[in-house]
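Please open the structure in your viewer and keep the sequence panel beside it, since this tour moves by selecting residues in turn. At each stop you will be told what to select and what can be found there.

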Amino acid sequence: MTLNAALVKSTVVAARGGLLFGFDTAVIAGTTAALTRFYGLTSAGLGLTVSIALWGTVIGALSASIPGDRYGRRDSLRVMATFYLVSALGCAFAFSWSSLVVFRFIGGLAIGGSSVLGPMYIAEIAPAKWRGRLVGFFQFNVVAGILLAYLSNYVIGLQGLGADEWRWKLGIAAVPAAQFFATLFVIPRSPRWLVQKGGTEDARAVLELIGEEDVNSALKEMQAAVEIERLYGQERLFSSRNRLPVFLAVSIAMFNQLSGINAILYYLNDIFARAGFSKVSGDKQAVAIGLTNLIFTMLAMSVIDKVGRRVLLIAGSIGLAASLGGVAVIFWTGTHEALLVWLLIGFIASFAFSQGAVIWVYLAEVFPTAVRAKGQSLGSSTHWIMNALISWAFPIVAEHSKPAPFAFFSAMMVVQLFVVLAVYPETKGVTLEDMERKLALGH
């Protein structure tokens with residue numbers, strides 16, 4: 001099966017939720033000082049303003065499986081697009097601090113929901129040999145959205161907009177949000193979801209549209225997978241049959257954040273300041289980090305279906321452990337501070353090449369269709385809860401010991417290396433139905 005226009009269009013549209021995910025996550029970094037002045041925020045108030053979206057992502061990720069299973073992945077993404085649009089416009093025209101917090105929370109719901117539904121939709125529509133690259137395109141969009149947010153903040157900051165500058169920085173996301181909503185009306189439903197709901201002929205039409213070479217065989221595989229699920233009755237996520245998929249989802253999500261990626265990105269300027277750098281250009285530095293992230297995400301996408309998910313995770317674990325260990329040594333000894341920039345770039349590159357590229361692909365692959373939405377929600381919400389906890393704990397621990405958090409993150413990446421080697425199955429080139437059968441037989 002080759003890529004055709006309908007398959008590419010469906011992937012690009014669904015992945016646009018990732019673009020907004022990345023943009024909304026990163027854009028707040030350029031507004032914190034202005035918001036503090038405008039609303040007279042205390043440090044606690046600023047912390048709530050920043051973190052409220054993060055807690056919204058947890059709730060969005062946990063609850064996305066409900067509409068995803070009932071109304072379908074595509075139609076539920078339309079709800080997320082609406083949330084993105086309402087959040088952007090609400091933040092731009094916020095009439096009080098409390099209203100700003102509410103609209104940022106709504107944006108968090110959209111981020112959490114789209115982090116579940118976008119990769120799941122792409123995984124269910126993609127052929128096995130292309131699935132890693134196509135689902136990886138969601139992560140590419142997340143990274144591109146982060147870079148776009150940094151660039152947008154930089155450009156808007158040059159316009160001399162005065163006290164209303166932060167409104168433009170937060171509100172500009174309404175443009176891609178509106179585009180995302182409109183384009184979701186020109187892509188089909190997931191064929192696997194349609195088969196699950198009894199819409200076999202509709203699924204046949206979708207498979208023909210996206211260029212499936214053997215439609216009858218694909219439909220039989222999907223129907224057989226549905227029959228297996230029916231034999232198990234009302235499928236429960238936390239069952240003995242799903243023990244391995246649940247472990248894989250929770251562990252990869254936890255290790256993703258135990259690398260320290262979000263804590264380090266959130267506190268990057270503080271890290272450099274603690275190393276003795278007198279002044280760092282925040283916007284330009286962020287763009288450089290964003291470019292590194294983008295380049296190595298693209299590199300990982302180009303090889304993920306060739307070398308496999310496990311190989312990327314193994315290589316990344318080694319690179320992450322080494323770079324984080326180097327940062328810890330610099331803070332421990334107080335020497336070689338000039339190497340800090342390069343070690344952090346190496347850290348970002350290692351993360352983008354491994355965990356960053358693999359997590360959303362793997363979460364979308366390892367669960368049976370009947371519980372895929374619930375499983376994706378479990379993995380995504382674990383990711384966001386760990387993000388919130390580690391980001392909260394990082395400055396507290398670093399205040400008492402500069403090297404301690406980096407030494408901890410490095411040790412966790414060593415643990416990840418051994419867990420991946422011992423437990424993680426390779427999923428490249430395996431259809432979702434074959435993966436479901438193999439995991440069931442393994443049980």
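The tour below goes through helices, single residues and empty spaces, one selection after another.

Before selecting anything, please keep in mind that this is a predicted model.

**First stop: helix α5 and R73**

Begin by selecting R73, which lies in helix α5. Is R73 buried or exposed? Its relative accessible area is 1%, and because buried means under 20%, R73 counts as buried. Now show side chains as sticks and add E124, whose side chain makes a polar contact of 2.8 Å with the side chain of R73. If you then select everything in contact with R73, leaving aside its neighbours within four places in sequence, you should find G68, L117, M120, Y121, E124, W193, T369, R372 and A373.

**Second stop: S115 in helix α6**

Next, move to S115, whose place is in helix α6. S115 is buried, with a relative accessible area of 0%. Which residue shares a side-chain polar contact with S115? The partner is S380, and the contact that joins the two side chains is 2.6 Å. Around S115, apart from neighbours within four places in sequence, the residues in contact are F21, F138, W360, Q376, S380 and W384. For a distance to check in the viewer, take the C-alpha atoms of S115 and A15, which are 100 residues apart along the chain and separated by 9.6 Å.

**Third stop: the largest cavity**

Rolling a probe the size of a water molecule over the atoms shows where empty space is left. The count for this model comes to three cavities of 30 Å³ or more, and the largest cavity holds about 100 Å³ of space. To outline the largest cavity, select D24, V27, A53, S87, A88, C91, R104, G107, G108, I111, L170 and A173, which line it. Helices α5 (73–92) and α6 each supply at least two residues of this lining, and α6 gives the most, with four residues. If you colour the lining of the largest cavity by class, seven residues are nonpolar, three are polar and two are charged.

**Fourth stop: the second largest pocket**

Now turn to the second largest pocket, in which about 310 Å³ of space lies. Its lining is made up of 21 residues, and those nearest its centre are P127, A128, E212, A218 and T431, which make a good selection to start from. The elements that give two or more residues to this lining are α6 (97–125), α10 (191–196), α12 (215–231) and α22 (432–442). Which element gives the most to the lining of the second largest pocket? That element is α12, with four residues. By class, the lining of the second largest pocket has eleven nonpolar, two polar and eight charged residues.

While α12 is selected, pick out E221, whose place is in that helix. E221 counts as partly exposed, at 24% relative accessibility. Not counting residues up to four places away in sequence, E221 touches T431, E433, D434 and R437. The C-alpha atoms of E221 and L432 are 9.3 Å apart in space, although the two residues are 211 places apart in sequence.

**Fifth stop: helix α13**

Select residues 243–258, which form helix α13, and measure between the C-alpha atoms at its two ends. At 1.5 Å a residue, the 16 residues of α13 should span 22 Å, and the end C-alpha atoms are 22 Å apart, so the two values agree. Within α13, the buried residues are P245, V246, L248, A249, S251, I252, A253, F255, N256, Q257 and L258. One of them, V246, counts as buried at 12% relative accessibility. V246 touches L237, F238, F367 and L378, not counting residues up to four places away in sequence. Just after α13, select G260, which takes a positive phi of about 85 degrees.

**Last stop: G162 in a loop**

Finish by selecting G162, which has its place in the loop between α7 (131–157) and α8 (165–171). Is G162 buried or exposed? G162 is exposed, with a relative accessible area of 52%. Add A34 to the selection as well: G162 and A34 are 128 residues apart in sequence, and their C-alpha atoms are 9.6 Å apart in space.

Notes. Residues numbered from 1 in each chain as written. Predicted model: local features only at pLDDT ≥ 70, side-chain atom pairs only at ≥ 80, totals over all residues. Heavy atoms only, no water. 1 Å grid on protein atoms, 1.4 Å probe; cavity = no way out; pocket = protein on both sides within 12 Å on 5 of 7 lines; lining within 4 Å. Points joined across faces, edges and corners; volume = space filled by probe spheres on them. Nonpolar A, V, L, I, M, F, W, Y, C, P; charged D, E, K, R; others polar. Expected span 1.5 Å × (residues − 1). Buried < 20%, exposed > 50% of the residue type's maximum accessible area, 1.4 Å probe, protein only. Polar contact = N/O pair within 3.5 Å; in protein donor to acceptor, adjacent residues only side chain to side chain. Contact = heavy atoms within 4.5 Å.
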